[in-house]
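Subject: Structure handover

Hello,

Here is the structure you asked about, followed by notes on what was found in it.

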Amino acid sequence: MQFRDLKKQYSVLKQDIDAAMMEVAASSAFIMGRPVKELEAGLAEYVGVKHRISCGNGTDALTLALKVWNIGAGDAVFVPDFTFFSSAEVISLEGATPVFVDVDGDTFNMDASDLERKIARTIEEGRLTPKVIITVDLFGLPANYPAIRKIADAHRLFILEDGAQGFGGMIGNKRACSFGDISTTSFFPAKPLGCYGDGGAVFTDNDEWAALADSYRVHGKGMFKYDNVRIGMNSRLDTLQAAILKIKFKAFREYELRDINKAAALYTKLLAGRVKTPVTPEGYYSSWAQYTICLNSREERDALQACLKEQGIPSMVYYPTPMHGQTAYKALNAPTDCCSTAKRLCDTVLSLPVHPYITEEEIETVCSVILGFVR
Ligand SMILES: *Cc1c(COP(=O)(O)O)cnc(C)c1O
């Protein structure tokens, strides 16, 4: 059994993907070729924002956003304590300081009341200026934007939506990557919409910010590539990746997102009441980057993972360490009790195999091992 079966996906889409790759080879337009523009147009329409700037990866997409807002030394950026390292790393890379915010134990996303506490404490301490809230749509579920937007407005903070795992998610009929003042995503192969290497994108409705992001991604270009008006990056989406993404995006819209939701629903039906299953709040729709259950303790979680492994079933711990506990962030001296839910989740979460091509039989097999274990 595969955790996320990219080989199966390729076997289904092979004819179109092979043709698209050959077409790029024949065109020799490897950088900023036509498929890049075509993909960008499709993405913006789907997400429902005015501007989209494709780039090298999801980490660069976050970096581009922080550069656009000129975030740097002395600035505080609020970020969930339970996420992939990248969400916080970009803050430090720009010279700003991450302030870790605890998450909600049901949705795994940023806890709005802890966000208020952390903002208040940062203001009280007076050392850093609050500037940005990086929300993460963890495991495919959009963050609590209704609550977080109110807090952001009250304190005049920007929201940077890290939609690396969230592409395809919704609140009502509004799509992920449209909730931030700037939003980003990643096309890393295992993300909800992935390419065959690295890729990412920035989304915004703001004309000025879009123009700045476009400049930063190509060496701070001005009127043209060899007119350099600011220090930028080299972060473009390869034409080859865009051509592959166009095919995969079609499958994503036509059936993959629907099918992965069916898979998640079956897991929940079979497991609910026996182990803690992921919570999707009323009106929310997830793109299921992960299907993550919670056990009662680290010992129980590790034993279940070993038991699944014995049966040939892969599972993953996303994430084993809270941000505040990472070696790279020791120097911040975050209090050990700063994010107790995040800490508990790191000990108890387990992500199960889920992808649009998983079969009902496979899900039943996984669930029977879990139910046998917890009995
Ligand atoms: C994957 C991921 C990123 C980074 O994306 P890359 O394309 O790998 O750079 C950022 N944030 C989150 C939450 C992610 O899962």
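A salt bridge here is a side-chain nitrogen of Lys or Arg within 4 Å of a carboxyl oxygen of Asp or Glu. Please keep in mind that this is a predicted model.

Salt bridges

The structure holds 18 salt bridges. One of them joins lysine 246 and glutamate 38, whose closest N and O atoms are 2.5 Å apart. The two partners come from distant parts of the chain: lysine 246 belongs to helix H8 and glutamate 38 to helix H2 (residues 34–47), with their positions 208 residues apart. Lysine 246 is partly exposed, at a relative accessible area of 35%, and glutamate 38 is partly exposed too, at 31%.

Another pairs aspartate 75 with lysine 131, the closest N and O atoms being 2.8 Å apart. Aspartate 75 is in strand S2 (residues 75–80) and lysine 131 in strand S4 (residues 129–136), so this salt bridge ties together parts that are 56 residues apart in sequence. Is aspartate 75 buried or exposed? With 6% relative accessibility, aspartate 75 counts as buried, because the cut-off for buried is under 20%. Lysine 131, at 31%, counts as partly exposed.

Aspartate 181 and arginine 149 also form a salt bridge, here with 3.3 Å between the closest N and O atoms. Aspartate 181 sits in the loop between S7 and strand S8 (182–186), and arginine 149 in helix H6 (residues 145–154), so the pair ties together parts that are 32 residues apart in sequence. Arginine 149 counts as partly exposed, with 25% relative accessibility. Elsewhere, a network of salt bridges links Glu40, Asp214, Arg217 and Lys221.

The ligand

Which residues are closest to the ligand? They are Gly58, Thr59, Asp162, Ser186 and Lys191, out of 14 residues that surround it. A ligand oxygen is 2.5 Å from a side-chain N or O atom of threonine 59. For lysine 191, a ligand oxygen is 2.7 Å from an N or O atom in the side chain. With glycine 58 the contact goes to the backbone: a polar backbone atom there is 2.7 Å from an oxygen atom of the ligand. On its own the ligand has 380 Å² of accessible area, and the protein covers 93% of this.

Strands

Three strands make an open sheet in the order S7-S6-S10, with antiparallel pairing. Strands S7 (174–175) and S10 (284–285) are at the edges and each has a single partner strand, so one side of each is left without a neighbour in the sheet. S6 (residues 170–171) pairs with S7 over two bridges, in the antiparallel sense, and methionine 170 stands opposite arginine 175 of S7.

Strand S11 (residues 291–294) pairs with strand S12 (residues 349–352) in the antiparallel sense, over four bridges. Within that pairing, isoleucine 293 stands opposite leucine 350 in S12. In a regular strand, side chains alternate between the two faces of the sheet. Both faces of S11 are covered: Tyr291 and Ile293 on one side, and Thr292 and Cys294 on the other, are all buried.

Loops and backbone

Two residues other than glycine have a positive phi. Cysteine 177 has phi near 80 degrees and is placed in the loop between S7 and S8. Cysteine 177 is buried, with a relative accessible area of 1%. Tryptophan 288 has phi near 50 degrees and is found in the loop between S10 and S11. At 8% relative accessibility, tryptophan 288 counts as buried.

A cis peptide bond joins tyrosine 318 and tyrosine 319, with omega about 10 degrees. Tyrosine 319 is in the loop between helix H9 (298–310) and helix H10 (340–348).

Threonine 107 is in the loop between strand S3 (97–101) and helix H5 (112–125), and is buried at 15% relative accessible area. Its C-alpha atom is 9.1 Å from that of asparagine 144, a residue 37 positions away along the chain.

Surface

Met223, Phe224 and Tyr226 form a nonpolar surface patch, with about 470 Å² of accessible area together. Phenylalanine 224 is in the loop between helix H7 (207–217) and helix H8 (239–271).

Regards

Key. Residues numbered from 1 in each chain as written. Predicted model: local features only at pLDDT ≥ 70, side-chain atom pairs only at ≥ 80, totals over all residues. Heavy atoms only, no water. Patch = residues over 30% accessible without salt bridge, like charges linked within 9 Å, V, L, I, M, F, W, Y side chains within 5 Å. Areas by Shrake-Rupley, 256 points an atom, 1.4 Å probe, with all protein chains shown as cover. Pairing = 2+ DSSP bridges. Near = heavy atom within 4 Å. Polar contact = N/O pair within 3.5 Å; in protein donor to acceptor, adjacent residues only side chain to side chain. Buried < 20%, exposed > 50% of the residue type's maximum accessible area, 1.4 Å probe, protein only.
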